[in-house]
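Got the model open in your viewer? Let's take a short walk through it, one selection at a time.

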Amino acid sequence: IKGIDGSSWQGDIDWQQVKDSGVEFVFIRLGGRGTTEGAIYADEMCQTYYEGAKAAGLKVGGYFFSQSITVEEAVEEAEFVLELIESYDVNYPIVYDIEEVTSENARTNELTQEEYTENCIAFCETIEAAGYTPMIYGNLKSFMIMLDMTKLEKYEKWFAYYDDEVYFPYEFSIWQYTSKGVVDGIKGDVDLNVCMKNFGEH
């Protein structure tokens, strides 16, 4: 199943053109946490994107760019997301986006693998308890170095890997295979994904 993901970086989107091009689902960035100050923010386009995507008949999921440094902050992020999507009809998972931040003053610089993993579990458990499907997004470094995968096998995975042959020794249900896709209705590059699982209605 062909899909995209997007944030306010994409600007205005013609969702009907996106749908007509063969895209069936979209993950919308719901928000994130600042890498240095740690303030939580909503993506300024998430409501607009949600309304446009649903009107065009696309399935919708959401992701949150986490910079939690404690389990309490991870739960706070999940609760922020749940409040944001309270009125949404979500078909696809709610995603914990974990990526390395390389700036020297990033809040997460000193986190251990165990701490990253515990934060991830706390977010996913909070999302799951609210009746949504949690998912973890990351690249090879996220999954193989930052996280302890032995504790995360029960969760859905969304894997970013931009090559023809995928190396990943764990099960995953969505593959983000390029960040330089072209889709009608969107100006500039867009991430392209293929989903290997039929996620049901929420």
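How far is the sulfur of Cys-120 from the closest cysteine sulfur, and in which residue does that sulfur sit? Keep in mind that this is a predicted model, then select Cys-120 and Cys-124. The two sulfurs are 4.3 Å apart, which is too far for a bond, since a disulfide needs them within 2.5 Å. Cys-120 is buried, at 0% relative accessible area.

Next, pick Cys-46. Its closest cysteine sulfur is again in Cys-124, but 20 Å away, so no bond there. Cys-46 is buried too, with a relative accessible area of 4%. Searching the whole structure turns up zero disulfides.

Now colour helix H4, residues 113-129. Its 17 residues should span 24 Å at 1.5 Å a residue, and the end C-alpha atoms are indeed 24 Å apart. Show the side chains of its buried residues, among them Tyr-116, Asn-119, Cys-120, Phe-123, Cys-124 and Ile-127. What do they pack against? Bring up strands S4 (59-65), S5 (94-97) and S6 (134-138), plus helices H3 (71-84) and H5 (140-146). Just past H4, stop at Gly-131, where phi is positive, near 100 degrees.

Last stop: H3. This helix has 14 residues and reaches 20 Å from first C-alpha to last, close to the 20 Å expected. Select its buried residues: Glu-73, Ala-74, Glu-77, Ala-78, Val-81 and Leu-82. Residues three or four places apart point the same way because an α-helix has 3.6 residues a turn. The cover over the buried residues of H3 includes strands S2 (25-33) and S3 (40-42), along with S4, S5 and H4.

How values were computed. Residues are numbered from 1 along each chain as its sequence is written. This is a predicted model: local features need pLDDT of at least 70, side-chain atom pairs count only at pLDDT 80 or more; totals for chains, interfaces and linings use all residues. Side-chain values use heavy atoms; hydrogens and water are left out. Helices (H or I, at least four residues) and strands (E, at least two) are DSSP runs, numbered from the N terminus. The expected span of a helix is 1.5 Å times one less than its number of residues. Buried means under 20% relative accessible area, exposed over 50%, partly exposed in between (1.4 Å probe, protein chains only). Contact means heavy atoms within 4.5 Å.
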